[in-house]
Amino acid sequence: MFGIRRPLRRAVSLGLPTAWGALAVTYKLTCPPAQQQGLGARIVTSAVFFVVGTGLVVQVRRTLLRELRQARRVAGAAQSALLRPLPPRVGGLDVAVARLSADRGATVGGDLYEVVATEYGVRVVMGDVRGHGLSALSTVAAVLGSFREAAHDEADLGLVLRRLDRALARHLREGAQDGTDTPVAEEFVTVLLLEIARDGEVRALNCGHPWPYLLRGPRVEPLARADPLPPLGPFPLPPDLTATPCGALRRGESLFLFTDGAAEARDARGRFFPLPTALSDAVRHHPVSARHLLRAVLAALLRHTAGRPADDVALLVLQNGRERAALGARDGDMTGTAAS
């Protein structure tokens, strides 16, 4: 059925403009008013050609919009396959995630994330590819594919990062040879790697990414204050890649990971989104689940930007599992499609 419909649509999209053009030529060659030079005849001829031209423009516009919608559907499906829905619980951690694209009407962005349970603990990656939209999709695929293998294969978090760096370099070289991607010197990816051991101890490697926030009761503070390494791409990694110890994620505590699009979002007056304040407001009066926290911050972000962020946004919450009975009633009436 689909094999028949596609050629039929192409025939219609080509046939209608051809028919409009044939109508205009036929009118000019055979219709008597078109041969006359009087004012009335010229007005009629101009009206006919105006109608024909308008029909051509409308038909071309419809064809282009249809092709654009199809391209967006394909791109959205590709990114959904890359950024697979995360389960609500991974290795004893409650997980909630949301992403927004800066391209209106599209679901494609340059942010990436993954959470996997390994024999070394739960390992997490969050990154931000330079740019957004379709051009960033292949870079996201290269980095995520490498992480999903290296997270299980490498015992040391530094070796995981080196695998990501090599995968990105290989991807950029291949893109430069094909002439399809941004020049290598202009491409980079910020990457944050976390490892949360079974006892809750957290270690991190940060390449140019914002540090997550640690939520302990009503307190909101950066997970670490160490200077991050440069983003992957422009500069080689240093010989020593010792992960930064970040303390323990205790029961009931949460980590809030985000990309630059959240921290740098502006309102109509140019003011930055106050992310720490939004987090504090979400947890000020009572403990909340990972999903509740995510939705509260996401709602505040959308209000701040009037629903139109200027950059891609990804938000990820990791919460050390707590008793769910106390939270079930509070979360039962929450609905939304941005979080998973």
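**Exercise 1. In this predicted model, find which residue of β9 stands opposite Ala204, and describe how β6 is joined to its partner strands.**

Solution. Begin with the residue itself: Ala204 stands opposite Thr244 in β9. Next, widen the view to the two strands, where β6 (residues 201-207) is joined to β9 (residues 244-248) by 3 bridges, and the two run antiparallel. A further bridge partner in β9 is Ala248, which belongs to Glu201. Then turn to strand β5 (residues 189-196), which pairs with β6 in the antiparallel sense over 6 bridges; here Val191 has Cys207 of β6 as its bridge partner. Finally, look at the connection, since β5 and β6 form a hairpin with 4 residues between them, and Gly200 in its turn has a positive phi of about 95°.

**Exercise 2. Decide how many of the residues of strand β6 are buried, and say what follows from the count.**

Solution. The cut-off comes first: a residue counts as buried when its relative accessible area is under 20%. By that standard 5 of the 7 residues of β6 are buried, so the strand is largely enclosed by the rest of the structure. As a background for this count, buried residues make up 43% of the 340 residues in the protein.

**Exercise 3. Give the order of the strands in the open sheet of 5 strands, and explain which strands stand at the edges.**

Solution. The order to trace is β3-β4-β5-β6-β9, and the pairing is antiparallel. At the edges stand β3 (111-118) and β9, each with a single partner strand, so one side of each is left without a neighbour in the sheet. Neighbouring strands of this sheet are turned by 15° against each other on average, if direction is ignored. Helix α4 (residues 137-153) packs on the sheet, where it touches β3, β4 (121-129) and β5, and the direction of α4 makes about 15° with that of β3.

**Exercise 4. Determine whether Ser146 is buried or exposed, and list its contacts beyond the neighbours within four places in sequence.**

Solution. First place the residue, for Ser146 lies in helix α4. Its relative accessibility is 10%, and Ser146 therefore counts as buried. Once the neighbours within four places in sequence are left aside, Ser146 is in contact with Arg163, Leu164 and Ala167.

**Exercise 5. Name the buried residues of helix α7, and work out why they lie on the same side of the helix.**

Solution. In α7 (residues 275-283), the buried residues are Leu275, Ala278, Leu279, Ala282 and Val283. They cover an arc of only 120° around the axis, which puts them on the same side of α7. The general rule behind such a pattern is that an α-helix has 3.6 residues a turn, so residues three or four places apart point the same way. It remains to ask what covers these buried residues of α7, and the cover includes β7 (213-216), β8 (219-222), β10 (254-258) and α8 (290-304).

**Exercise 6. Describe the open sheet of 6 strands and the way in which α7 and α8 pack on it.**

Solution. The strands follow the order β1-β2-β11-β10-β7-β8, with antiparallel pairing. The edges are held by β1 (89-90) and β8, and each has a single partner strand, so one side of each lacks a neighbour in the sheet. Between β1 and strand β2 (residues 93-100), which run antiparallel, there are 2 bridges, and Arg89 stands opposite Asp94 in β2. Helix α7 packs on the sheet by touching β7, β8 and β10, and its direction makes about 20° with that of β7. Helix α8 also packs on the sheet, touching β2, β7, β10 and β11, and the direction of α8 makes about 20° with that of β2.

**Exercise 7. Locate Ala306 and say what sets its phi apart.**

Solution. Ala306 is found in the loop between α8 and β11 (313-320). With a relative accessible area of 66%, Ala306 is exposed. Its phi is positive, about 55°, although Ala306 is not a glycine. The usual case is that most residues other than glycine have a negative phi.

**Exercise 8. State the average pLDDT of the protein, and find where the pLDDT is below 50.**

Solution. The average pLDDT is 79, and 64% of the residues score at least 70. Over residues 323-340 the pLDDT is below 50, and this stretch has 28 contacts in the model beyond near neighbours in sequence. Where pLDDT is low, the predicted coordinates should not be read in detail.

Conventions:
Residues are numbered from 1 along each chain as its sequence is written. This is a predicted model: local features need pLDDT of at least 70, side-chain atom pairs count only at pLDDT 80 or more; totals for chains, interfaces and linings use all residues. Side-chain values use heavy atoms; hydrogens and water are left out. Buried means under 20% relative accessible area, exposed over 50%, partly exposed in between (1.4 Å probe, protein chains only). The arc is that of the directions from the helix axis to the C-beta atoms. Contact means heavy atoms within 4.5 Å. Two strands pair if DSSP finds at least two bridges between them. pLDDT is the predictor's confidence in each residue, from 0 to 100. Axes are lines fitted to C-alpha atoms, for helices over the stretch in contact, and angles run from 0 to 180 degrees between N-to-C directions.
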